[in-house]
Each structure stands twice: as C-alpha cells, then as structure tokens.
Number of protein chains: 2
Amino acid sequence: MKPLTIIAILTAALVGQPAARRPITLLVIGGTVVTENARHDVLTPGAVAINANEIVDVGTPEAMALKYRSVDTLTVRDQIVLPGLVNTHTHAPMVMYRGLADDLALMDWLNKYIFPAEGKTVSPEMVRIGTRLAALEMIQSGTTTFADMYYFEDTIARATREAGLRGVLGETIIQFPVADAKTPAEGLARAEAYIREFKDDPLVTPAVAPHALYTNDRTTLVAAAELGRRFGVPVLIHLAETEDEARIAREQYRMSPVAALESLGFFGPGRGEGAPGSGKVLAAHGIWVDDDDIAILKRRGVGVSHNPESNMKLASGAAPVTKYLAAGVALGLGTDGAASNNDLDMFEAMRQASFLAKLSTKDPTAVAAYTALDMATVGGARALGMDGTIGSLEPGKRADLITVATSSARFTPMYDAVSHLVYVARGDDVRNTIVDGKVLMRNRQVKTLDAAAVIADANRLAAKVREAVKQ
Amino acid sequence: MKPLTIIAILTAALVGQPAARRPITLLVIGGTVVTENARHDVLTPGAVAINANEIVDVGTPEAMALKYRSVDTLTVRDQIVLPGLVNTHTHAPMVMYRGLADDLALMDWLNKYIFPAEGKTVSPEMVRIGTRLAALEMIQSGTTTFADMYYFEDTIARATREAGLRGVLGETIIQFPVADAKTPAEGLARAEAYIREFKDDPLVTPAVAPHALYTNDRTTLVAAAELGRRFGVPVLIHLAETEDEARIAREQYRMSPVAALESLGFFGPGRGEGAPGSGKVLAAHGIWVDDDDIAILKRRGVGVSHNPESNMKLASGAAPVTKYLAAGVALGLGTDGAASNNDLDMFEAMRQASFLAKLSTKDPTAVAAYTALDMATVGGARALGMDGTIGSLEPGKRADLITVATSSARFTPMYDAVSHLVYVARGDDVRNTIVDGKVLMRNRQVKTLDAAAVIADANRLAAKVREAVKQ
C-alpha cells in the first residue's frame, strides 16, 4: 500500500468516515502547475485531477491523492504542467511546402511559388498526409488546439480527429479555381456539407474560411459570413496582413481592410458585439489597422490571431499588440503555415511575440513573459470563442494540458517557471500532451500516430512536390 | 572486412598500386556536408577527413574511404555536417542569472538587478560553475568557439580548456570596483597577468575587454586598447548598444560612440586598417551607428558582433546589418549573456538575425538563410580575426564541426538543408560536436563534462543567488 493511501485511510478514520476516494481516470502530479486561471495561480508542487475528458480538480499532490483514486497516474515532478497551447492560425497541410521557397515578399511567395505548387499538388491525399505530419509536430510541441484554413477541410478534420487533436477547421473560400472547388459557390456548398457533417463533433469545430478581402469579391465575402452565422460556426479570414492589402482595400473600397469588411456587414448584420460561438469572426494578422479599426474589432467581438514569426519572415510588419491588449480585443497567437515560419512551434511564437512587441514599441516591458503565455493559452481560447471550455487548468474545463521538462542545462537554474516557458522552452521540451483527457504523447512517445510511417509518407509525397515545382 | 575497404583494395589492384591509405584520426561521413567555403560547396553526401586537430580533406564518402584509413569513424548519414558555430559575444557565467530579471530596459536591468547581483555573488567559484554550465549548453547546441567578456577570466579560460571549447576570452576592465578588481589599474594588471599565462594556448585566445565607453573613462579605454596592441591580443568592447549610450557619448564627447573611440585612438594609433590578430577590436551590438561610423569600423578592421535576440528583448534597437554587409564589415553573430536572451542557442540567433533584418528593412529578401549561416560561421571567424583557422570545412583549418539530425517531423520534408538550419533547427538538434579534432559530444553524450554534476553544482549556487537578490 502506498504511503498516501495509508494517510488517506488514517485521515478518514480520524474524522470518522470511510476512505471514499472518488474514482477518476487520470491524475497528473507535478512539478510546477501553471494554471492560467484568472488569479494566475501557480502551484509548486501541484496536481491536476482528470475524469474522462474533463478537469475535475487542481490542488496539491497530497490533497489530490486524498480525494481521488486514479486509474492512471502521470508523475512529472521535475516538469512544468500547463494548459495545452492554442495555435490560432495555421494551414496544417502546408508543412509539405516547408522550406520550399524562403526570403520572398508575401505576394511573390504566394503568386510565384505557393499558389502554383498548390495548383499542381493539392489533393485529398496530400492534405491527409500533410495534416498527419502537422499533427505529429503539434502533438510533439505541445499544441492541443489549432485553427486551420485550407482546402479539403473535411479530410483535415478526419485526420485531426484520428490524431486526437482539437481543431477549429475552416474550409477555404476563394475567388479563383482551386483544387477542391472551381468557383466560390462550389466552395460554399462544400463548406456547408462539411459543417453539417462535423457540427456535433467533440474535437472538431467546423468553420468557414473566406481567404481574404483581396482574394474574394463582395458577394463571396458576404455569403461566407452568412454561412457561418446560419450554422453558428466560426468565420476565419486573413485580415490587414500586408501594406499591399491595405492599398488594395483603399483602391477598391476607399477604406481600410477592417472598415471595408465592416461596411459589408461581414462582422455582423446589426450593431453591437458579436455573440461568441454564433458566427464569431477570427481575423489572422491584423497588422495594418488604426485605432478606429481596433475599435470596430473590439465592438464586433472579433478575435485576432497574432503571427509574429510569419510577419517578420515575410516582412509584413508588426501588429499593434499592446494596443489590442489595451483595447481588450481577444488576442491569440499563431504560427501561420510552416511554409512561412518554418515550423509549428508555439513556444517560438510566444518568444517572438514578446521580442517583437518590445522592439516595435521601444519598450522592453511590453508583452512580458506572462502576457505572452496568456496569449498562447487563455487568449487564444478567447479569440476562438472557446474560453469557456479550454485555455486554463480549472475544474469543468476540457482536459487539454501539457508537461515541459526542466532538467536540462538550458533550463538551469530556474528562478521563474513562466520566464523559462517563454524565453527558453521549445516544442521539443514537451514530454506529455493530453487532449480531451486522452494522453496523445507519453514521455515523447506519440500514441495516436505512427511517427515513422507519417514521416515516410511525407517524404514520398515531397518527391512529387519537388518535381511539380521544377516544371 | 567492410565493403568500402574491399572496394579500396580492388581499386588499388586495378590501377596496379598497393592500397596505401593515409592514416587519419577521424572520418565524419554524412549526410549533407555544408562546407561554408568561398564557393559555398554543399556535398550530398559528403565526408570530412580529420587528422589530429586539423581538417585534411573534404569529399565524397567513397573518395575519402579510398584515400584514408581512419582510427575512428562517425557515420551520420541522415544528418547535416557543418562548421561549428561561432558565438561572438557572450558572458558565459551569466547563465547563473538566466531568467532572474526579465522585461526591463538595459540600464534598469544592469543597475537595479545585474550589477547588484554580481556585486554579491561573483567569485572564482561562481565563475567556474557558471562557465561549466555555459560550456555544457554550448557543446550541446553546436557552438565550438565563443567570445567572452567577464570577471576572473583566467578561471573562465581554465574551465573552457577543460571543456574542450575554443574561446576568445576577455578580462573585463570597468571604472567602478568589481569582484576581481578594485580599480581599473588593478583590472589591467590582472588582464596582463592573464594574457601572459594563456598567450600560447591552443584553444584559448586571451583578450582584454574594456566594458564600454560609458563605463570607462578616457584613460582606462586607451590603456586597455594599448594593452591589447602590446600583446597582439583582441580587444572586446560593448559599442553603440543603446540610445542612452549614444546620448552619453554626445554629452561627454560631442560625437557618436564610434567616433568617440576613434578620437581616442582606440581602434589603432595611426590611420588605415587594423591588422587582424594584433590588437584587433571586436565591437558588440553596433546598433546606434551612422554611415560615417560604419566607414570607420570598416577602415579600422573592427569586427562587429550582432546580437539580435538580446537587442530585441532589451528593446535596444536593430543593428543596420545589411549596411554592414554592403560595406564589407566583418560581421558575426552572438547570443549575448543568457541573462538577456535567455539561452546560448546560436541557431535561434541565426533565425532572429534573418527575421529582424527582414522586419527592420521591410525587405523579406534581406539576410537570406545562407547569409545568416555565413554570419554564424565564417563571418564570426572573420570578426574575431580567426578566419584563417576556423569558420569553414576546408583542408588546413582546425577541425571544429558539428552534425545536425534531420529525421524528425519538424525537419520533414527537407527541400533545402540551409533553409532548415536557419528556419527550423535548434541547438537540441545537434548530435555531435567536434572541436580541434576532439569529439566533445557524441550522439548527445557530452564527453568532457559530467552533465549531472555541472547542473547540480549550478542549482546549489542558484540558491545563493536567489538569497542575494532577495536582500
């Protein structure tokens, strides 16, 4: 019998009750537990009690052992336990184009390399292989929820569900012919069928993703937003990413990209704040915005996804992160697709968000470590309208959490766990990844995907991509 | 008998000669070999032949196996082989202050946290424990040469030699009393004794390191530069790091920091280019410079160390990297101390150098992947005046090289090895680290340091640092 069990029985005897420990499915015993609750509680040591797909309690290891009898226990005493990271903007299958074309401006990169490569290689098979590779990388680097915009999104949804990840997955709507739709109308029909199929899935939230203001006409933008509202699913869009986009909006709409969408009723038909979960809009990038634009985004309840690495690599600019935070806009972090980053590591996104904010505001106190961590967890959940269910370690929320090893030279010494999570940690430091109460990776072993097979499939497909680009 | 040996003997028989393979100590068989020679040759696959501390040949695995008989062979077929990384600016023992104080301006961070913490905790013991921890991290992350500025630099030099790393190690000279010198005169005397002790060391190049323009008076700056010239050793200094420093220079000298040093004869007594190796100056940061300053640095043969992560985290600004490159200034990369970064990973420094240059020039083609890799290898060697001996994989150079694993999901697929080295790789991807022909880390096992003991020592010392800062 374990000492804690004996203590539990003795304690129960002393208070005149039998030792009625509540059965649960999983107990995670830290280490330092960074809860990301409203009080920013950090327990050292702490433990998280999970039953089925839900967090039922957070407390000291002793208290949790007294209260619960667990089927499975994960003991991670030298590790940090924290909410799973929320990647609010990516294009999962684009891992297949990772490093295919670097050091180019966004419009060149899209028009000369990515759109042509996609034209020749995107297929359900490519999307499935790419999503499995991306899911492997995300599980290995501590992302538990991701927002996606791509083609054949139903295939992405199936691969995501199989991998065990949580996703807000948007079918792309774009004006020109693409692999899964010859016209926007065909794309919208595909999106509707996909939304109907996945509407009640426990892991996948289906969404509609009009690509951008500059790649869709007014009719298509309005139709896509209305589709989202009709089914109460999120609407994902690239917004105010480049100076070029701002110029195009000025030419076509005589206003800023944000004001142009507002003028179309894209963010909502009436006045006032958009209701989360009912056609909530998530805008990726949000760089070329002024104070009026930020006020519109706040009033409409639009979530913003900040992608510092992609924005630096493509020289798109620096989003006004401190202004968004001051205005109370729901702000999450994203990696963008691996073709413009070039990986899916949310720890690097946190570090970069902090570094970029400090540089661009000339204020080294901007986006301190805790602010960056908030953006990658609760902030991302809020941007997706999911902060009621994910983003922090609190009773009643879904059991999405990760553990980070801290015993290497690089983590030594550790004066402050949150500082190390933001300024030192990388995806590879994640040891365990749990989504919806299920352990997807245990001590670096991924359980839901055969890593060697996933990588081999991707390498076979990469040979075709290489040929397609040569032509 | 191995197949290649049979081929060698058969080949020798066919051409009518005995198989006279030259004996060497180590053969590294790739994988992709990124030479960083002037032609930027990349061999896929390639091999590097090493004898004692020198690279003797680079070629195909077949050619190398035919020509050489090796005592030891390192076969790394799924890996990239490249020159060891050159970290041109750090303060190794400051790993002990990693994460102690974040999100602060440089002057606050120095005056309120770092200088007081140093006042209470810097000692030969602290410096030795800190240097061993830093050396462990550097070996594990592929740095083979580092330039250092700190106190008790003779102790740092001994710990560096024991760890097997190459170092350009500068004893700090500063106007106020510090742990190893009550006055600058005492510091200069310490520096001279240290330079005499290490002048002919195969791994350690002793140097003198006047801290900065704003922390030394004219007499001390001139005396430090003269000491360097007298012994023909490098002179390391922080230069033009912050806007505050530029303001102080304007107040005290009525000119820019670079022009102020030039007016003192700091970069050389006469006119014209400084001779490498004879009191060559290495300036760290170089952010607040104009075109005239860049011309001075070029004319004087001053090397510049660019530290993008530290410069962003402390909001110091963005160095004009593309201007330095256009002017032909010898430009290397540095991490700065781990207290302002917060690690010693040169892969992150490469990625950051590329990202920061693209953002700050609004040009996504600035500092392309190969340029960043050049800066971290040959560029750093040039900045240190050591490009005759290190920085590339070429016959006659010292055998300083590393290998990087590429089989993980994050590296899949791989269209371009150099893109992945800069935009995807991290220190933990390094599998083998070789310095001066000696394998310091083999398949992630560090041979010259007991990793567990080094970490335990650092954690014991960290408890004292924590107490000192509390008071």
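In this predicted model, A:T88 sits in strand β6 of chain A, which runs over residues 85-90. Its relative accessibility is 1%, so A:T88 counts as buried, the cut-off for that label being under 20%.

The polar surroundings of A:T88 come from two partners that are worth a look in the viewer. One is a side chain: that of A:S305 makes a polar contact with the side chain of A:T88 at 2.7 Å. The other is a backbone atom, since the oxygen of A:L333 lies 2.7 Å from a polar atom of the A:T88 side chain. Both A:S305 and A:L333 also appear among the residues in contact with A:T88 when neighbours within four places in sequence are left aside. That list is completed by A:A147, A:L282, A:G332, A:G334, A:G380 and A:L384.

Turning to chain B, helix α6 covers residues 184-198. With 15 residues, α6(B) reaches 21 Å from its first C-alpha to its last, close to the 21 Å expected at 1.5 Å a residue. The buried residues of α6(B) are B:P184, B:G187, B:L188, B:A191, B:Y194, B:I195 and B:F198. They lie on the same side of the helix, because the arc they cover around the axis is only 125°.

What does this buried side pack against? The buried residues of α6(B) meet four elements of chain B: helices α5 (153-163) and α7 (218-231), together with strands β8 (166-173) and β9 (204-210). On the face of α6(B) turned away from the buried side, the exposed residues B:A185 and B:R196 are found.

Conventions
Residues numbered from 1 in each chain as written. Chains lettered and ligands numbered in written order. Predicted model: local features only at pLDDT ≥ 70, side-chain atom pairs only at ≥ 80, totals over all residues. Heavy atoms only, no water. Helix = DSSP H or I, 4+ residues; strand = E, 2+ residues; numbered from the N terminus. Buried < 20%, exposed > 50% of the residue type's maximum accessible area, 1.4 Å probe, protein only. Polar contact = N/O pair within 3.5 Å; in protein donor to acceptor, adjacent residues only side chain to side chain. Contact = heavy atoms within 4.5 Å. Expected span 1.5 Å × (residues − 1). Arc of directions from axis to C-beta.
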